[in-house]
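Got a minute to go over some labels with me? I'd like to see the reasoning behind each one.

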Amino acid sequence: MILTKADIINAVHQELGFTKNQSIDLVESTLEIIKSKLASGEDVLVSGFGKFCVKEKRERKGRNPATGEDLMLAPRRVVTFQCSGKLRDKINKE
């Protein structure tokens with residue numbers, strides 16, 4: 001099963017009793033805060049869920065799989081996720 005943003009909005013609407021527009025604003029605002037913090041290079045910790053970390057990747061040698069041509073991959077930042085112990089226990093319990 002895939003959980004979409006629309007599913008989260010509907011759950012907030014139904015389970016917490018917010019109006020549909022309030023639910024949309026709440027979910028959108030939360031995701032925008034997370035995105036802006038990650039874009040500025042900060043880690044985001046959601047207690048009981050996990051931690052989103054920004055990692056720096058160095059320039060490295062790569063290969064085009066279609067042509068076999070060697071090339072250099074540019075340095076970049078990636079986001080990784082480390083789940084919390086509580087989430088890990090819940091996943092393994094079921």
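Q: Before we get to K51, what do buried, exposed and partly exposed stand for?
A: Buried is under 20% relative accessible area, exposed is over 50%, and partly exposed is in between. Keep in mind that this is a predicted model.

Q: So why does K51 count as partly exposed?
A: K51 has 32% relative accessibility, so it counts as partly exposed. D43 gets that label too, because its value is 39%.

Q: What makes K51 and D43 a salt bridge?
A: The cut-off is a Lys or Arg side-chain nitrogen within 4 Å of an Asp or Glu carboxyl oxygen. The closest N and O atoms of K51 and D43 are 3.9 Å apart, so the pair qualifies. The structure holds five salt bridges.

Q: How do you know that K5 and E28 form one as well?
A: Their N to O distance is 3.0 Å, and the limit is 4 Å, so they pass. This pair links distant parts of the chain, with K5 in helix α1 and E28 in helix α2, 23 residues apart.

Q: Why is L3 called exposed?
A: L3 has 58% relative accessibility and the cut-off is over 50%, so exposed it is. L3 sits in the segment before α1 and joins M1 and I8 in a nonpolar surface patch of about 400 Å².

Q: What makes β1 and β2 paired strands?
A: Pairing takes at least two bridges. β1 and β2 have three, in the antiparallel sense, so they pair. In β2, K51 is the bridge partner of L45.

Definitions and conventions
Residues are numbered from 1 along each chain as its sequence is written. This is a predicted model: local features need pLDDT of at least 70, side-chain atom pairs count only at pLDDT 80 or more; totals for chains, interfaces and linings use all residues. Side-chain values use heavy atoms; hydrogens and water are left out. Patches are made of residues with over 30% relative accessible area and no salt bridge: like charges are joined within 9 Å, nonpolar side chains (Val, Leu, Ile, Met, Phe, Trp, Tyr) within 5 Å. Accessible areas come from the Shrake-Rupley method with a 1.4 Å probe; for residues, only the protein chains shown count as cover. Helices (H or I, at least four residues) and strands (E, at least two) are DSSP runs, numbered from the N terminus. Buried means under 20% relative accessible area, exposed over 50%, partly exposed in between (1.4 Å probe, protein chains only).
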